[in-house]
Amino acid sequence: MIENIPVLIVLLPLCSALLCLALTAVSRNLGIFAVKLSCLASFVLSCIQLQMVVTGGTIHYAIGNYAAPYGIEFVIDSLNAVLLVCFSLMGFLTILFAENFGNEKRPMLVGAACAETALLITGILGMTSTGDVFNLYVFLEITSLSAYCLISLGGSRGVVSAYRYMLVGTVAATLYLLGIGVLYSVTGTLNMGDMREILDQGGYDGAMLTAMCFLIPAFGIKMALFPFHGWQPSAYTHAEPGSRPLITGVMGKVPALAMFRFVYCIYGTDFRFVRIGLILLGIFSVFGMLYGSLMAMGQTDIRKILAYSSVAQMGYISLGFAIGTPIALAGAFLHMLGHVFMKGGLFFCTGAIRYKFGTVDINEFGRIYKKMPLTCGLLTAAALSMIGIPPTAGFFSKWYLALGAAGQHEWIYIIILVISSLLNAVYFFRLIEKVFIRQSSELRTRWESEVLELPLTIIIPVVICFIAIFGLGLFNVRIVDILLMTLEGVGL
Amino acid sequence: MRKTITVILLIISVLVPFMAFDVLPVIGDPQSAPNTHVSDYYIENAIEECNSPNMVTAVIVDYRAFDTMFETTVMFLAGLSVVIILANKPKRRIPAHSSLRRMKDAGGRPIYKTVNKDVMISVIEPVILIYAIYVLFHGEVSLGGGFQAGALIGMTYLLDIMVVKRDRPIFDIPKARAAAIAGFGPLIYALTGIVTILGGGLYLEYNKIPLPIHHAELHSIGITAVEIGVTIGVAGTIITILNALMERISFDDDND
Amino acid sequence: MTLILQAVLLLGLIGITVAIIFGKDLMISVVIYCAFSFLTMLLYNIMGAPDVAFTEAVIGVISTVFFIIILRSIDRKTK
Amino acid sequence: MMTMINTFLATKGIYFLTLVLLALGVAGIIVCNNYMKKLICMNVMQVAVIFFFLCLGQKSPGTIPVAMDTAVKASQYINPLPHGLMLTAIVVSLGTTGVGLSLLLRIREKYGTIEEDDLIRREDLMTRKNKDGGDRK
Amino acid sequence: MNFMALELRPLCAVLISLTASGLIYVLGEHIRPNAREGITLTAAVLKIITVYSMIPAVLAGREIRLELFSIVKGVSFAFNVDPAGMVFACVASTLWILTSIYSIGYMRGHGEKNQTGYYAAFAMCLCATTGLCFAANLITFFIFFEVLTVATYPLVVHYRDAEGTFSGRKYLAYTLISGQIFFAAIVIVYSVSGTMDFVPGGFITADMLPMPWALVVFFMMIGAGIVKAGVMPLHSWLPAAMVAPTPVSALLHAVAVVKAGAFCTLRVVLYVFGPEMAKACYGADILAWMAVFTIIVSSFVAMRKYNLKARLAFSTVGQLSYIVLGICILTPYSTAGALYHIVAHAFMKITLFMAAGAIFVTTHKKDIREMVGIGRRMPVTMMAFTAASIGIAGFPFFVGFVSKANIILGAVSMGKPVFVATLIASALLALTYLMPVVLIAFKKNVDNPEFAERGDAAPAMLIPLVITAVISIILGIAPNAGLHLFDLAVMAGNQIFMPLM
């Protein structure tokens with residue numbers, strides 16, 4: 001039984017999502033309860049799995065017991081074991097959080113939205129675990145389809161942004177299929193490890209380059225890397241408030257992981273054109289970091305600020321990939337982990353403020369901290385982490401990125417990191433200023449105040465994100481050690 | 001302007017890989033990489049391992065059964081999404097555009113003739129249904145499989161609501177109910193895997209279904225169970241989407 | 001021989017696509033999209049993928065019906 | 001002559017045509033003003049990729065991948081793997097189309113149009129109205 | 001685990017303030033003000049005990065080193081108590097308790113709002129200051145340095161008005177930019193040297209960083225320090241931050257922030273680059289000339305300011321440059337002098353600020369020209385003010401003399417007459433801008449009806465400022481009184497220059 005953990009992590013949210021509608025028809029809270037329970041179980045299982053990977057090394061799980069190139073395989077190395085823990089935790093928190101945003105009068109709809117979120121989690125977890133390129137495509141489609149739906153729930157604007165995202169996302173998925181088609185045409189296999197072995201024999205440079213031309217835009221679109229980010233701000237802004245932390249926090253990271261898998265695990269650094277790809281990636285991320293921050297400065301809607309800041313933060317992650325030393329890659333993944341909680345946390349705060357006061361305009365946030373000290377504490381911590389103030393998670397990922405850049409003598413990247421964090425500081429301190437300093441505006445609470453400032457299902461995510469931001473910062477070495485178990489072999 | 005640039009870029013992007021076509025295998029070459037490495041294994045072992053003469057079926061529901069499970073989930077997801085997206089209650093159905101509206105006679109009936117209902121309902125639909133069931137259970141031997149069967153069943157429903165008045169179709173399933181039913185399809189699939197786990201095997205390892213029969217039979221049972229799941233999922237989804245879309249739009253024979 | 005047939009069918013598909021892009025009437029676009037999926041089905045069959053062709057045939061019908069249902073609510077003419 | 005055409009098609013021609021189809025699909029998504037056409041073009045694009053995959057699995061003397069008594073050697077059957085994969089891809093494309101159509105319907109209900117430029121104009125109008133409303137408050 | 005084990009004490013000292021800060025923030029709005037300030041005072045007393053208890057061990061030359069866990073790969077989060085850090089820690093913890101008492105008086109007398117946030121941020125600042133005193137390596141130092149930057153921000157914008165917001169932005173702009181550049185420099189230093197532990201005498205050698213880059217990195221690192229220390233031309237946030245309440249100004253100018261900047265300069269010049277490298281890359285020379293420029297110019301600017309707090313602010317700018325100059329002369333004497341000037345200036349300047357605050361709370365006067373005859377009304381306050389002013393000017397038997405004399409000694413031994421002249425001239429300049437205040441206050445034959453009646457500041461304000469004034473006289477007469485701070489400073493100087501001799 002214990003050896004089935006990798007697949008159970010993905011299966012539990014799936015089964016609960018499939019049952020959710022039927023259960024909701026039986027009793028209005030049963031479906032949501034099942035989803036919550038399964039997400040929690042999946043989080044616990046992924047923790048156990050992380051422990052297993054750390055002590056026992058990489059897990060290969062052959063589904064249907066067909067050996068690697070013939071069947072589909074889950075490969076859990078230390079890298080995606082850590083990411084799985086993080087993503088499943090965020091999934092669980094989002095499910096908890098989302099409950100507050102449903103339409104009370106229509107339980108079926110609430111159940112359906114909950115099922116969508118659970119399927120999004122399934123897709124994300126599956127994409128993280130899989131070791132098969134086509135299986136990755138299927139999970140990618142699950143992730144995207146549920147994301148289209150969740151984005152479209154955010155009112156009429158949401159529908160339009162979802163439609164645009166759908167068109168662009170389908171182009172990305174098609175490009176991805178083409179890319180793996182080209183790779184398949186020269187290797188005849190779909191398994192990542194097998195593909196690596198065949199490609200390592202050499203002589204496939206042309207095909208690999210062609211595939212790279214398809215794959216970089218494909219992942220770029222999905223992770224909203226700079227020149228391909230067009231769909232992202234409006235989609236993030238208008239997504240359904242309940243599931244927004246998951247969409248903004250996690251959804252962009254998984255394609256980034258897939259991109260890492262292709263560039264470093266399948267192509268490897270011996271590939272002749274890998275340098276060109278990395279330089280290209282570096283240019284994208286540098287401009288993304290600057291562009292995202294500059295655009296975020298001009299916004300007043302907090303959701304838009306955070307959406308544009310995501311463009312910049314994605315730049316940090318792809319910058320780590322572009323530098324390519326193990327330490328920089330570790331930095332990129334640490335930033336990925338940290339950013340899940342930072343961006344997720346910021347959107348938890350946004351959601352909480354919206355839940356209580358019904359506003360998203362930062363000009364109306366005056367002195368909100370008097371009424372919601374906990375939320376504003378997280379808001380501040382996450383904002384500081386985005387800027388990169390120690391001892392939050394954001395500082396340490398920046399540290400590893402800068403260290404990697406210094407190791408490669410890419411001084412320009414260090415300069416860009418400094419400039420970017422200063423630009424971040426400009427708009428995040430503007431936000432903090434609004435929350436703490438501005439004179440109070442007449443915000444009326446929409447709900448009768450309870451004993452706590454918020455319902456428990458919002459407070460738990462907020463507190464856990466707060467702890468995670470500092471925990472990831474102070475105990476980053478443990479995580480980096482685990483990440484390096486995998487990354488040592490793959491970097492430049 | 002933007003569009004022109006994009007089109008030019010596209011033309012370039014078509015022409016540039018033209019040089020790179022040498023990297024792709026020659027079409028029809030039996031010795032090319034995709035036709036040798038993994039493919040040969042499937043062709044040689046499909047009958048023996050999976051008890052399925054149709055190799056495509058063997059690939060999709062046995063070797064790569066996990067993909068298919070999520071493919072069915074995608075179908076369910078699409079149905080669910082449509083239900084959610086079209087959940088808001090519009091004040092009234094969108095009227096058909098003037099270019100598509102037809103005149104009605106004094107009795108309120110549309111003046112054009114429709115297909116003969118009797119023929120449709122009594123002849124064509126049963127045939128399609130029987131064919132669907134044949135395709136479902138024969139998927140491993142001949143062409144077809146769960147997906148096609150599900151789509152055929154969906155088409156039966158389609159004919160049904162096209163021919164009979166859509167307010168009173170023969171089998172009437174509300175969209176949310178249909179989506180809930182569609183969910184059971186992938187669930188059957190997933191549970192098949194759980195059964196193999198309980199039998200001591202890995203996920204979807206049909207050999208380990210805890211039944212006291214020969215392993216080839218076990219594969220047949222597993223494949224059939226899975227195909228049934230796919231059928232339910234796909235049929236349910238198509239019915240869901242149809243219902244959800246039809247609900248919104250007014251037709252000529254509606255009683256306003 | 002099959003390759004030439006494939007090429008001809010592909011050219012047909014390209015022609016249909018151009019017609020769809022430049023067409024002024026959505027209804028016509030949808031109907032020729034139906035033809036498109038029929039040609040695709042033929043193509044798949046020629047290539048020795050009857051399973052895929054079968055699926056495409058069924059899908060082609062269903063998605064065309066979807067399109068036509070939607071089209072009832074939408075202005076047929078487009079710029 | 002015939003063999004020359006065949007060789008050309010087998011090495012480059014079919015791939016080129018597929019790529020043209022794909023590019024037309026992408027171009028349609030970008031150029032078309034009408035959201036419905038964009039959706040159709042999206043389907044075209046997906047067909048192109050499916051076709052590309054199936055090309056990879058072709059064998060010139062080959063039978064369909066259903067075991068028959070007459071053909072016995074492995075190399076005589078057409079590669080079944082791309083077929084399996086593309087079945088999945090087709091289903092995904094149907095799902096995407098369904099979701100896209102329902103989104104389209106919502107857009108139509110909300111904005112009364114599915115032409116992109118009209119839509120953008122209306123969105124701008126809404127933004128401006130919201131801003132005015134905010135000021136008045 | 002024995003919590004009073006010597007190795008754990010630096011950690012305790014940091015944690016006490018941190019806990020206090022957290023407690024105040026969480027409980028602040030729910031408990032009575034007395035309880036809230038009780039937390040502050042308890043923490044201050046505990047902290048002072050913890051810090052003082054380490055002095056004997058440091059004097060005995062024992063190494064107190066605590067490595068907690070790896071903070072980044074290859075570098076641990078470590079505390080190391082050395083004489084230089086000890087001096088600063090003693091000053092900070094001593095002044096925390098005094099400033100706390102004073103704050104209570106000031107805040108209540110003035111009826112301030114947002115007191116919870118104020119006390120929480122104050123405790124956080126002290127936590128960061130103690131942390132950076134005891135930090136054993138660059139990254140630990142940087143962490144506390146940035147925490148200090150952020151924790152000071154709520155204090156600067158305490159009044160939440162437009163002016164406060166503006167100076168808050170200015171403060172952040174200066175400190176964050178320099179902090180980020182500092183960060184980049186740390187990365188470069190770590191990547192070339194592979195170590196980050198502070199070593200007396202420095203760990204960077206010429207072959208690690210060739211010449212032009214050494215200077216660039218030197219200034220990238222020193223930038224953060226001199227921004228916080230207010231060396232011209234990077235000083236402009238400091239007068240702007242005057243809008244904050246007086247205890248905050250006192251904290252900024254006397255205890256935590258500017259001293260942290262000076263301390264940062266000390267660590268970078270003498271513990272990272274080391275005297276040889278600092279001299280070889282000309283960094284020390286350039287910095288010394290910047291300091292000279294600052295000392296002279298700031299004095300002239302101070303003369304033209306009639307707002308008492310602004311005048312004191314420019315005085316701070318000048319005095320902090322003494323420390324920078326003392327560090328950059330690169331002799332054991334001047335280093336000891338510079339370190340001791342941290343002590344000296346802290347006590348003197350905090351007296352001045354507290355006096356200014358007391359005047360403001362009692363009579364609501366800010367402008368010097370309106371203070372004619374105020375000595376009659378507040379004799380004790382003004383006596384303390386006078387004593388501190390004389391000390392700033394460096395009169396013998398006042399604490400300022402000891403430090404300045406040592407710096408001058410160092411300059412003489414290096415044969416730098418310009419520096420000597422500057423130091424002496426600046427003493428006179430200090431007299432010219434501080435003495436007028438005293439003279440105006442005690443002007444005879446003026447009957448200002450406002451000040452006719454005698455009514456000094458409230459005891460909570462009066463007592464701390466008298467104590468600091470008295471301490472600044474005692475330390476001037478006996479530099480080693482009580483805590484052996486001068487010995488510690490000399491020890492630090494010797495440690496650094498020992499390998500060279």
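**Exercise 1. Describe the burial and overall dimensions of chain A.**

Solution.
- Step 1: burial. Of the 492 residues in chain A, 72% are buried. The structure is a predicted model.
- Step 2: secondary structure. Chain A holds 19 helices and 2 strands.
- Step 3: compactness. The radius of gyration of chain A is 21 Å, and the globule rule gives 23 Å for 492 residues; the two are close, so chain A is as compact as a globular protein of that length.
- Step 4: extent. Along the principal axes, the C-alpha atoms of chain A fill a box of roughly 70 × 55 × 45 Å.
- Step 5: contact order. Take contacts in chain A between residues at least 6 apart in sequence: 79% of them join residues at least 24 apart.

**Exercise 2. Divide chain A into domains and analyse the side of domain 1 that touches domain 2.**

Solution.
- Step 1: bounds. The domain assignment gives domain 1 of chain A as 1–272 and domain 2 of chain A as 324–492.
- Step 2: spacing. The C-alpha centres of these two domains of chain A are 23 Å apart.
- Step 3: contact. Domain 1 of chain A contributes 23 residues, and domain 2 of chain A contributes 25 residues.
- Step 4: elements. On the domain 1 side, α3 (78–98), α10 (244–251) and α11 (253–267) of chain A each supply at least two residues. The most come from α3(A), with 8 residues.
- Step 5: chemistry. This side of domain 1 of chain A has 14 nonpolar, 5 polar and 4 charged residues.

**Exercise 3. Work out what chain B presents to chain A.**

Solution.
- Step 1: count. The contact involves 45 residues of chain B and 47 residues of chain A.
- Step 2: elements. On the chain B side, α2, α3, α4, α5 and α8 (175–198) of chain B give two or more residues each. Here α5(B) gives the most, with 15 residues.
- Step 3: chemistry. The side of chain B that touches chain A splits into 32 nonpolar, 7 polar and 6 charged residues.

**Exercise 4. Repeat the analysis for chain B and chain D, then test each of these chains against chain E.**

Solution.
- Step 1: count. Chain B brings 50 residues into contact with 44 residues of chain D.
- Step 2: elements. At least two residues of the chain B side come from each of α1 (2–19), α2 (33–36), α3 (39–50), α4 (55–63), α5 (65–85) and α9 (215–248) of chain B. On this side, α5(B) gives the most, with 10 residues.
- Step 3: chemistry. The side of chain B that touches chain D consists of 34 nonpolar, 9 polar and 7 charged residues.
- Step 4: chain E. Chain B has no contact with chain E; their closest C-alpha atoms lie 39 Å apart. Chain D has no contact with chain E either, and the closest C-alpha atoms of this pair lie 22 Å apart.

**Exercise 5. Characterise the fold of chain C and the confidence in it.**

Solution.
- Step 1: elements. Chain C has 3 helices and 0 strands. Along the sequence, the pattern of chain C is α-α-α.
- Step 2: extent. The C-alpha trace of chain C spans about 45 × 25 × 10 Å along its principal axes.
- Step 3: burial. Chain C has 79 residues, and 54% count as buried.
- Step 4: contact order. Among contacts in chain C with a separation of 6 or more, 58% are between residues 24 or more positions apart.
- Step 5: confidence. The mean pLDDT of chain C is 88, and 100% of its residues reach 70 or more. Among the elements of chain C, helix α2 (residues 26–46) has the highest mean pLDDT (91), and helix α3 (residues 50–71) has the lowest (89).

Methods
Residues numbered from 1 in each chain as written. Chains lettered and ligands numbered in written order. Predicted model: local features only at pLDDT ≥ 70, side-chain atom pairs only at ≥ 80, totals over all residues. Contact = placed C-beta atoms within 7 Å. Helix = DSSP H or I, 4+ residues; strand = E, 2+ residues; numbered from the N terminus. Nonpolar A, V, L, I, M, F, W, Y, C, P; charged D, E, K, R; others polar. Buried ≥ 20, exposed ≤ 12 C-beta atoms within 10 Å, placed from the backbone. pLDDT = per-residue confidence, 0-100. Rg over C-alpha atoms; globule rule 2.2 N^0.38 Å. Domains from an automatic or database assignment.
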